[in-house]
Amino acid sequence: MPLPPGLVYLANRLPTLLLPLVSVYAINRLLGSHLGIYLPTWAVIASTIVAIPFGLLLKVSVTDFINRRNAAALGAVLPPRVKDKYPAGLGLLFEMINNLKVGYAGENFDKWAQKYGNTFNLRILFEDRIFTAEPDYMKAILATQFDAFEKGPSFYQQLHSFLGTGVFNSDGKMWNIPAWRRFHRAMTRPFFSKDRITHFDIFERHAQDAIQQLKFRLKEGHPVDIQDLASRFTMDSATEFLFAKNVHSLGAGLPYPHYSPLARSAASETHPANIFSKAFDEAQRHLAFRARYGAAWPLREFWKDKVSEKMVPIFEFITPILTEAVSRNKALSNDEKLGANVDREVQDGESLIDHLIKYTDDPIVLRDETLNILLAGRDTVRYSLSAGPPLTTIVQTTNSISYAIYMLAKHPDVLGRLRNEVLSKIGSSRRPTYDDMKGMKYLRAVINGPLTSGEDHRWQESLATTDIPDRTSNKATLWPSKIGGKPFYIPAHTKTPYSVFLMHRRTDLWGPDANKFDPGRFLDERLRKYLTPNPFIFLPFNAGPRICLGQQFAYHETSFFLIRLLQTFSGISLAHEAQPPELLPPASWAGAPGTKGDSLRPKTYLTMSMHGGCWVRMEEDVEPNAAT
């Protein structure tokens, strides 16, 4: 039985907490024994009460002094710190929690960036978080100074009950060791080779199932939650692709809109795939709160780990897959394990689990790696956890599909142009091939559009991570100044979260129309003006040693589904009345500048999605043309 997180947190910090109290006691005894001064009881009590916060403030002040001195010695400065009228950054913490509950995604960070610049220090509960939305600094974290930044113990502890020791929660001690990095990559790389990701039979089966259910529900006269449909499509495709076993989440059926008498079904609520989805969403919600509390998250979950509680049905979901594979391997009597330096080809019909067992039979490693990749198939986080191999791969597709369709519904001119490309290059019925997709430049631009424009609500961080990707410096380092002045000094053991979301909205990087959905920016002169000379302004799949191995898989799966959809439907419109009323944006947001005044509300937990889904109606093309 694990100890309560709060008790473990306090026990680990016992010396820091006891030192001020011991100091008060020692000073009181010395005054009495050497000077004959005996403090009254009220003074002893008062000094004891203020000892701990005073000690913490003293520690922070000394650290600040040392950091300023070290920065000055290198001709650098510390990033500006966001001011808070409350002690210990409590006001900032409450603001972030309130934004998570009822605010608009990223609005508070945007406000601070406007005031302090694109790099600033957010100190909460005595913990510094040097936040940045600068592409050069993200490049330093992810690539040029990669060895100076790791996820760190705080990140690891926040996500351990969710991801264990899998590839996406590997800390610096593990990931920065070449053998460990090669181990994870060797296990997963073969599943994202060109030969495997261009086998579209799996996509075809599940896309046809999804579209048939979509057509049936529309014929019933009901709109469809395209976010839910995309999630089921990617989950079934992912489990078959990776584990050679389809979990049949599409078999649970599509949800009905809230006003339908059929909206609540006992059979649907008890379906294993739906139980998994609900547990996953709840686990994400608790992780989002952990991200805001930082290292002090156990104080919110003092007596029990709320994420572990939600992981029970998730473990129940994946354990049979793991058990079956282990039993199958034992039956083959093949106990020889491959080393971290060995790459092997995946055999025909072999699942990822079968492949992993060739490297290790450690049940914890197998479970954690399996879970990491399975969660990738369930949701999306355009810019995830650590953006390790498969998570941004398959994970990308659910939200990519959902937001792409949402934007097509809002922009019929883009829908028309994209559909013309689909019909002219592929026709109304033929299955797309790898070569087809390779030549469809407008399709790729449409998919990239929601990855950049502020209009799509994406919060490409994931894993704030957790909503803003998080790293921790393992040694002091310098970031060059962006205004021609002194460089920024980044002390050792400091969190350095970064926001791709805010970077993708910056007009100085993307032009005056940065907040507008316009796929043309990836095709016309804006591509050469902005992106080509500075590729780090576009980071949908991370960069550096942790760049996503499966980014092409994500593009292919998203492209395949959209092509099949547009071969069938000629029109898409939003069904606003089907959005659950309690999950709509507040009335006070109406008319707000930018996307805050939009009709859908983003939900930012561990990943970003839409509150209440994305309900649409579609017009089926009964007489398709341009057949080839």
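This is a short walk through the structure, from the whole chain down to single residues.

The model is predicted. The protein has 25 helices and eleven strands. Of its 628 residues, 57% count as buried. Many contacts link distant parts of the sequence. Among contacts with a separation of 6 or more, 73% join residues 24 or more positions apart.

Start with one helix, α14, which covers residues 272–293. How far apart are the end C-alpha atoms of α14? They are 32 Å apart. That agrees with expectation, because 22 residues at 1.5 Å a residue should span 32 Å. The helix is mostly covered, with 17 of its 22 residues buried. Just after α14 comes G294, which takes a positive phi of about 70°.

Now turn to the interior. The largest nonpolar core holds 91 residues. Four of them touch the most other members: I405, W479, F561 and M618. Which helix gives the most to this core? It is α25, residues 551–568, with nine residues. A second, separate core has 22 residues, including M96, L122, A133 and W297.

W479 deserves its own look. Residues up to four places away in sequence are not counted here. Beyond them, W479 touches T119, I130, T132, Y137, A140, I141, Q145 and F149. It also touches P487, F488, I490 and T496.

Helix α25 has a packing partner as well. This is α19, residues 412–425. The axes of α19 and α25 are 10 Å apart, at an angle of about 95°. Angles of 65 to 115 degrees count as roughly perpendicular, so α19 and α25 are roughly perpendicular to each other. On the α19 side, the contact is made by L415, L418, R419 and V422. On the α25 side, I563, L566 and Q567 take part. By type, the residues of this contact divide into five nonpolar, one polar and one charged. The spacing within a helix has a simple background. An α-helix has 3.6 residues a turn, so residues three or four places apart point the same way.

End at a strand. T472 lies in β5, which covers residues 472–473. Is T472 buried or exposed? T472 has a relative accessible area of 10%. Buried means under 20%, so T472 is buried. Its neighbours within four places in sequence are again left aside. The remaining contacts of T472 include A148, F149, E150, K151 and G152. H493, T494, K495 and T496 are also in contact with T472. Two of these residues have appeared before: F149 and T496 are also touched by W479.

Terms used: Residues are numbered from 1 along each chain as its sequence is written. This is a predicted model: local features need pLDDT of at least 70, side-chain atom pairs count only at pLDDT 80 or more; totals for chains, interfaces and linings use all residues. Side-chain values use heavy atoms; hydrogens and water are left out. Helices (H or I, at least four residues) and strands (E, at least two) are DSSP runs, numbered from the N terminus. The expected span of a helix is 1.5 Å times one less than its number of residues. Buried means under 20% relative accessible area, exposed over 50%, partly exposed in between (1.4 Å probe, protein chains only). A nonpolar core is a set of buried Ala, Val, Leu, Ile, Met, Phe, Trp, Tyr and Cys residues joined through side-chain atoms within 4.5 Å. Contact means heavy atoms within 4.5 Å. Axes are lines fitted to C-alpha atoms, for helices over the stretch in contact, and angles run from 0 to 180 degrees between N-to-C directions. Angles under 35 degrees count as roughly parallel, over 145 as roughly antiparallel, 65 to 115 as roughly perpendicular and the rest as oblique. Ala, Val, Leu, Ile, Met, Phe, Trp, Tyr, Cys and Pro count as nonpolar, Asp, Glu, Lys and Arg as charged, and the others, Gly among them, as polar.
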